[in-house]
Every structure is written in structure tokens, then in C-alpha cells.
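Biologist: I'm new to reading models like this one and would love a close look at a single part. Could you pick a spot and work outward from there?

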Amino acid sequence: MKLLIVEDEPNVVSVLKRGLSSEGFELSVAPDGFIALEMVSAHTFSLIILDIMLPGINGLDLCKQIKKNYPQLPIIMLTALSSTENIVTGLDNGADDYLVKPFKIAELSARIRMLLRRHAGLQQADEIITIGDLQINISGKTVTRANQEITLTATEYRLLQFFARNKNKTLSRIDILENVWDIDFNMGTNVVDVYVNYLRKKIDKGFSTTLLHTVVGLGYLLKEKSLP
């Protein structure tokens, strides 16, 4: 597996190269955003490890540009910022995962392998999941409700797909964090609730039937019929 590290701090690059090379990954390094864009267009990478604070193009803008042209390319963001707002901002710009510095190489390696497995399994031709009048086209990554197209961010789509694959099943916040983001966040964060509210406004607002339900004290579930 060939990975691209986009990082301008030599010490961090050295740690990443030493640790990930020993895990069997082939590594390339880009010291700034402009070089990273050139390398992504010229080579095929399995995954990108991307620092937010970069010279040239910051990591958030770079992530957005890469995802626009290569939506299936997994990106893990590295940052010293750990607030819910910063996490949401990174994910909204297309990041698949978010790791706060300092981190352990073993954890980063585990997340890389989980992301690679997850993305390898996403290509399923013509699979459509239906919940009431909501339809999710897995291969086309499109969502409609009552024949109205619904536009979702990449993170909102992953969240909806996880709910849909587990429809009628109550999912805890831990279930969602581990399966949608492959992240073990501090459970004091409300990032799950933030994204559930984003999603609810898009798939339920304006429709007579509520599909995304809160199960008090347990979590959330996607279900066609109203809760008793």
C-alpha cells in the first residue's frame, strides 16, 4: 500500500516514515500543499496522511481539492486541535478520519488499515437501500426522498449509509464513532449529535414521516415507522 504523507515538520515526517515503514507501507512525502497536489495527480496512492497546518495551501483547502477530484481516496488529518468544532470542520472538508497530535504510530497504523478495508468494500454495483420513501444508491452515492434529490456532505453520507445498513436497529454513539469515522473520540464530545442533527434536517425536515429517531439514553435509529 502506497501512502502520501503531507507534512512540513521534519521530526514528524521522520517518526511517520520510521514507524509506518516498519508496518509494511510504502511512503512518499510532500512538504507543502502544492507539491502534494502535483504528486496526487502524477501517482496513485492508497491513502493520504495530511497535516492541517501547511505552507502554501492549508490542509483543509487541500483536502477539499483532493476530494473533489479523487472522492474515493481516503484522507486522515493530523492536527493539534481537538475541539468538536475543529473536528467537524476537518470532516466537513472531506477527511475520513481525524487524529490529534501527539499520537501513537500503532493507533495511526490501525486506523489506516481500517480505512483501507472500508474503502475497498464500498464498491458494490447498483446496491440500493430503501427505508420508506428514502432511497440510497450505494454505487452512485446518491440519496433521494419522495423522488427529491438530497445533497449530503461526505461525512453525512457515511453516517446515513451506516444507519441504513443497520435500519431498525438502535445505534449507540460509540457504535457510530467506531464505524463511521473509525475514531475513538473522547465521549465528552458531541460530534455524533451534531452530525445526526445535520442529517435529520436534510432527510426529515419538510416530510410528514420522521425516519431518524432518538432513543433516549441509548442512541439513534433509522426506522420507517414512528416510535411508540
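Modeller: Let's start at alanine 146, which is found in the loop between strand S8 (142-145) and strand S9 (148-150). Keep in mind that this is a predicted model. What's odd about alanine 146 is its phi, near 55°, which is a positive value in a residue other than glycine. Is alanine 146 tucked away? Its relative accessibility is 37%, so it counts as partly exposed.

Now look at the strands on either side of that loop. S8 and S9 belong to an open sheet of 4 strands, in the order S6-S7-S8-S9, and the pairing is antiparallel. Strand S6 (128-131) and S9 are the edge strands, each pairing on one side only. Going from one strand to the next, the twist averages 25°. As a bit of background, strands of a sheet pair through backbone hydrogen bonds, either parallel or antiparallel. At the S6 end, S6 and strand S7 (residues 134-137) pair in the antiparallel sense over 4 bridges. If you want a spot to zoom in on there, find isoleucine 128, which stands opposite asparagine 137 in S7.

What packs on this sheet? Helix H6 does, touching S6, S7 and S8, and its direction makes about 110° with that of S7.

So let's follow H6. Helix H6 (residues 154-165) also packs with helix H8 (residues 191-203), at an angle of about 85° and with their axes 10 Å apart. That makes H6 roughly perpendicular to H8. Where they come together, Thr155, Glu156, Leu159, Leu160 and Phe163 of H6 meet Tyr195, Val196, Tyr198, Leu199, Lys202 and Ile203 of H8. Past H6, in the loop between H6 and H7, you'll find asparagine 168. Asparagine 168 isn't a glycine either, yet its phi is positive, about 70°.

H6 and H8 turn up again when we look at helix H4 (residues 84-92), where Thr84, Ile87, Val88, Gly90 and Leu91 are buried. Those buried residues cover an arc of only 160° around the axis, which puts them on the same side of H4. Which elements cover them? Among them are H3, S4, S5, H6, helix H7 (173-181) and H8. After H4 comes glycine 94, with a positive phi near 110°.

Two of the names in that cover, S4 and S5, take us to another sheet. This open sheet has 5 strands in the order S2-S1-S3-S4-S5, and here the pairing is parallel. Its edge strands are strand S2 (26-30) and strand S5 (97-100), each of which pairs on one side only. Neighbouring strands of this sheet are turned by 20° against each other on average, ignoring direction.

Let's zoom in on S4. Strand S3 (residues 47-51) and strand S4 (residues 75-79) pair in the parallel sense over 4 bridges, and isoleucine 48 stands opposite isoleucine 75 in S4. How many of the 5 residues of S4 are buried? The count is 5 of 5, so S4 is largely enclosed by the rest of the structure. Ile75, Met77 and Thr79 point one way from S4, Ile76 and Leu78 point the other way, and all of them are buried.

Beyond S5 there's a quirk worth clicking on. The loop between S5 and helix H5 (105-120) holds proline 102, and the peptide bond from lysine 101 to proline 102 is cis, with omega near -5°.

Last stop: H3, another part of the cover over H4. In helix H3 (residues 59-69), the buried residues are Gly59, Leu62, Cys63, Ile66 and Lys67. Looking down the axis of H3, you'd see these buried residues fall within an arc of 130°, so they line one face of the helix. Over on the other side of H3, Lys68 and Asn69 are exposed. The buried residues of H3 get their cover from elements including strand S1 (2-6), helix H2 (33-42), S3 and S4. And at the start of H3, a side-chain oxygen of asparagine 58 reaches to within 2.9 Å of the backbone nitrogen of leucine 60.

Terms used. Residues numbered from 1 in each chain as written. Predicted model: local features only at pLDDT ≥ 70, side-chain atom pairs only at ≥ 80, totals over all residues. Heavy atoms only, no water. Pairing = 2+ DSSP bridges. Axes fitted to C-alpha atoms, helices over the stretch in contact; angles between N-to-C directions. Buried < 20%, exposed > 50% of the residue type's maximum accessible area, 1.4 Å probe, protein only. Arc of directions from axis to C-beta. Contact = heavy atoms within 4.5 Å. Polar contact = N/O pair within 3.5 Å; in protein donor to acceptor, adjacent residues only side chain to side chain. Parallel < 35°, antiparallel > 145°, perpendicular 65-115°, else oblique.
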